[in-house]
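Please load the model in your viewer and keep the sequence panel open beside it. The stops below suggest what to select next and describe what is there.

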Amino acid sequence: MTQPIVGERRKTRRLTLQSGQAVIGSADQTPCQMVDISVAGAAVLVAAKIPEMSLVGLDLSLGPETEPTIKLQCQAAVVRSEPRPDGKFLLGLFFLDLSDETKAALDRFIKSHDSVTRDSTHDD
């Protein structure tokens with residue numbers, strides 16, 4: 001049995017992203033920069049504050065821009081909203097309505113990449 005990492009609260013693996021496209025919102029779409037993702041949620045950077053406990057729609061594409069490996073649309077809860085020195089806001093999002101099939105595909109995507117991290121600076 002593996003021992004938990006001290007200070008680590010997450011139960012799922014997380015992939016730090018160098019690329020990925022995402023938009024928050026349905027009517028007023030807000031582009032966001034993907035930071036990392038797990039089967040449970042994601043961390044993103046946005047230009048304007050979105051309050052904690054807000055429910056948002058999320059459109060997400062992972063993989064090459066020309067042919068994304070994963071595309072998903074879901075509802076997410078903002079569980080963290082922190083201002084950063086650069087004026088952007090770091091959001092922790094918790095996915096609310098991913099199907100088991102989508103979760104399995106996302107888990108395979110995360111496991112297929114080498115840059116999995118368990119950084120305790122973001123919650124999801």
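A residue is called buried when its relative accessible area is under 20%, exposed when that area is over 50%, and partly exposed in between, with a 1.4 Å probe and protein chains only. Select D86 to try this out: its relative accessibility is 47%, so D86 counts as partly exposed.

Before going further, please note that this is a predicted model, in which local features need pLDDT of at least 70 and side-chain atom pairs count only at pLDDT 80 or more, while totals for chains, interfaces and linings use all residues. Residues are numbered from 1 along each chain as its sequence is written, and side-chain values use heavy atoms, with hydrogens and water left out.

**The whole chain**

Show the protein chain as a cartoon, and you can trace 1 helix and 8 strands, where helices (H or I, at least four residues) and strands (E, at least two) are DSSP runs numbered from the N terminus. Starting at the N terminus, the order of the elements is β-β-β-β-β-β-β-α-β. Of the 124 residues in the protein chain, 40% count as buried. Its accessible surface, calculated by the Shrake-Rupley method with a 1.4 Å probe and, for residues, with only the protein chains shown as cover, is about 7,500 Å², and 51% of this belongs to carbon and sulfur atoms. Taking contact to mean heavy atoms within 4.5 Å, 58% of the contacts in the protein chain between residues at least 6 apart in sequence join residues at least 24 apart.

**The nonpolar core**

Which residues have the most contacts inside the largest nonpolar core? Select I24, I37, L93, F95 and L106, which hold that place in a core of 29 residues; such a core is a set of buried Ala, Val, Leu, Ile, Met, Phe, Trp, Tyr and Cys residues joined through side-chain atoms within 4.5 Å. Two or more residues of this core come from each of strand 2 (21–24), strand 3, strand 4 (41–46), strand 5 (55–62), strand 6 (70–83), strand 7 and helix 1. Strand 6 gives the most, with 5 residues.

Centre the view on I37 and, leaving aside neighbours within four places in sequence, look for its contacts, among them R13, L17, A42, L60, F95, L106 and I110. Then move to L58, which lies in strand 5 and, at 2% relative accessibility, counts as buried. With neighbours within four places in sequence again left aside, L58 is in contact with A22, V23, I24, L72, Q73, C74, L93 and F95. You can also draw a C-alpha to C-alpha distance from L58 to A76, which is 6.8 Å although the two are 18 residues apart in sequence.

**The end of strand 3 and a loop**

Next select S38, found in strand 3 (residues 30–38) and buried, with a relative accessible area of 0%. The side chain of S38 reaches the backbone nitrogen of A40 at 3.1 Å.

For a contrasting stop, go to M53 in the loop between strand 4 and strand 5, where the residue is exposed at a relative accessible area of 62%. M53 is not a glycine, yet its phi is positive, near 75 degrees.

**Salt bridges**

How many salt bridges does the structure hold? There are 3, each being a side-chain nitrogen of Lys or Arg within 4 Å of a carboxyl oxygen of Asp or Glu. Select R80 and E82, whose side chains meet at 2.7 Å, N to O; R80 is buried, with a relative accessible area of 15%, whereas E82 is partly exposed at 31%. Continue to R84, partly exposed at 35%, whose side chain meets that of D86 in a salt bridge of 2.9 Å, N to O.

Finally, turn to helix 1 (residues 100–111), where D107 and K111 are separated by about one helical turn because they are 4 residues apart. The closest N and O atoms of their salt bridge are 3.0 Å apart, and D107 is partly exposed, with a relative accessible area of 24%.

**A patch on the surface**

End the tour by switching to a surface view and selecting L55, V79, F94 and L96, a nonpolar patch with about 360 Å² of accessible area together. Patches are made of residues with over 30% relative accessible area and no salt bridge, like charges being joined within 9 Å and nonpolar side chains (Val, Leu, Ile, Met, Phe, Trp, Tyr) within 5 Å. Within this patch, F94 belongs to strand 7 (residues 89–95) and, at 37% relative accessibility, counts as partly exposed.

Technical notes:
Polar contact = N/O pair within 3.5 Å; in protein donor to acceptor, adjacent residues only side chain to side chain.
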